[in-house]
Amino acid sequence: MPRPRPVGASLVGCVTVAVAVALAGCSSSGPAALAPTGSTAAVQPEPTPTETLLGTPDAGGSTVGGLAEGFPADLVPVPQGAVVLVSSAEPVATTDLVQISLNLRTEQDTDGLMAAVRAPLVAAGFVEGAPPVVEPGLAAQSTFSRGDGSELLVVGVLDRDDERTLTLGGKVRTAVP
């Protein structure tokens with residue numbers, strides 16, 4: 001005579017099969033958000049990243065590990081010794097602006113990194129300002145605007161474990177106005 005299985009084991013087996021069937025039909029490239037329906041011991045949450053980058057470039061004009069085609073490296077040069085994580089450059093429809101983003105990592109100190117970004121922007125006529133919202137946890141944060149304000153860059157530096165991660169994003173003209 002077969003022995004009855006404990007209810008908990010059956011429930012875990014059913015939930016596992018239901019989740020597998022549900023996920024097999026998903027076509028999204030993003031992570032699924034499943035609400036737990038039973039014991040939290042049966043479902044372990046995925047670890048969350050400890051560091052996020054501001055802005056996510058879309059696949060069209062982004063490059064991992066280097067500068068994207070059309071990225072204005074003369075206006076926003078990569079600081080010496082920095083490693084580019086990802087960059088993007090996308091023309092903004094019906095304007096002469098380019099939407100850019102740059103994420104890089106370096107061992108350079110925060111002040112030196114901000115100075116390396118600031119110098120070419122100020123030389124090109126950008127004015128530095130305080131960001132409208134201060135992001136908690138950043139070691140440095142600034143905005144740079146030029147002309148009528150249609151050109152605007154936001155820069156943030158995360159300082160963690162003797163490395164700095166710089167994130168820069170916004171819209172610029174590639175030709176001097």
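**View 1. Arg164 and its surroundings in the predicted model.** Arg164 touches Leu104, Arg105, Thr106, Glu107, Gln108, Asp109, Thr110, Leu113, Val157, Leu158 and Asp159, leaving out residues up to four places away in sequence. This is a predicted model, and the arginine shown here belongs to strand S7. Arg164 has a relative accessible area of 7%, so this residue counts as buried, the limit being under 20%. Look also for the backbone oxygen of Glu107, which lies 2.7 Å from a polar atom of the Arg164 side chain.

**View 2. Thr167 and Asn103, side chain to side chain.** Strand S7 also holds Thr167. Like many a good close-up, this one centres on a single pair: a polar contact of 2.8 Å links the side chains of Thr167 and Asn103. Thr167 is buried, with a relative accessible area of 7%.

**View 3. Strand S3 and its two partners.** Strand S3 covers residues 97-106, and eight of its 10 residues are buried. S3 runs antiparallel to strand S2 (residues 83-91), with eight bridges between them. In that pairing, Pro91 stands opposite Val98. S3 is also joined to strand S7 (residues 163-173), by 10 bridges and again in antiparallel fashion. Here Leu104 faces its counterpart Leu166, which stands opposite in S7. As a reminder for readers tracing these ladders, strands of a sheet pair through backbone hydrogen bonds.

**View 4. The sheet from edge to edge.** Seven strands form an open sheet in the order S1-S2-S3-S7-S6-S5-S4, with antiparallel pairing. Strand S1 (62-64) and strand S4 (127-129) stand at the edges with a single partner strand each, so one side of each has no neighbour in the sheet. Direction ignored, neighbouring strands are turned by 15° against each other on average. At the S1 end, three bridges join S1 to S2, and the two run antiparallel. Thr63 stands opposite Ser87 of S2.

**View 5. Helix H2 against the sheet.** Helix H2 (residues 110-123) packs on the sheet, where it touches S3, S4, strand S5 (140-146), strand S6 (151-160) and S7. The direction of H2 makes about 165° with that of S6.

**View 6. The largest nonpolar core.** This core has 24 residues, and Val76, Ile100, Leu121, Leu153, Leu166 and Leu168 are the ones that touch the most other members. S2, S3, H2, S5, S6 and S7 each give two or more residues to the core. Leu168 is a handy place to start looking: leaving aside neighbours within four places in sequence, Leu168 is in contact with Val76, Ile100, Ser101, Leu102, Val117, Leu153, Val154 and Val155.

**View 7. Ala82, ahead of strand S2.** Ala82 sits in the loop between S1 and S2. With a relative accessibility of 17%, Ala82 counts as buried. Residues up to four places away in sequence aside, Ala82 touches Leu104, Arg105 and Thr106. Asn103 is 21 residues from Ala82 in sequence, and their C-alpha atoms are 10.0 Å apart.

**View 8. Two loop residues with positive phi.** Thr94 lies in the loop between S2 and S3, a hairpin with five residues between its strands. Phi of Thr94 is near 60°, a positive value in a residue other than glycine. Thr94 is exposed, with a relative accessible area of 86%. The companion panel turns to Asp161, in the loop between S6 and S7. Asp161 has a positive phi of about 55° although it is not a glycine. At 69% relative accessibility, Asp161 counts as exposed.

**View 9. The whole chain, for orientation.** Two helices and seven strands make up the secondary structure, following the pattern α-β-β-β-α-β-β-β-β along the sequence. Of the 177 residues in the chain, 28% count as buried. The exposed area comes to about 11300 Å², with 59% supplied by carbon and sulfur atoms. Among contacts with a separation of 6 or more, 46% come from residues 24 or more positions apart.

Terms used
Residues are numbered from 1 along each chain as its sequence is written. This is a predicted model: local features need pLDDT of at least 70, side-chain atom pairs count only at pLDDT 80 or more; totals for chains, interfaces and linings use all residues. Side-chain values use heavy atoms; hydrogens and water are left out. Buried means under 20% relative accessible area, exposed over 50%, partly exposed in between (1.4 Å probe, protein chains only). Helices (H or I, at least four residues) and strands (E, at least two) are DSSP runs, numbered from the N terminus. Two strands pair if DSSP finds at least two bridges between them. Axes are lines fitted to C-alpha atoms, for helices over the stretch in contact, and angles run from 0 to 180 degrees between N-to-C directions. Contact means heavy atoms within 4.5 Å. A polar contact is a pair of N or O atoms within 3.5 Å; within protein, one must be able to donate a hydrogen and the other to accept it, and residues adjacent in sequence count only if both atoms are side-chain atoms. Accessible areas come from the Shrake-Rupley method with a 1.4 Å probe; for residues, only the protein chains shown count as cover. A nonpolar core is a set of buried Ala, Val, Leu, Ile, Met, Phe, Trp, Tyr and Cys residues joined through side-chain atoms within 4.5 Å.
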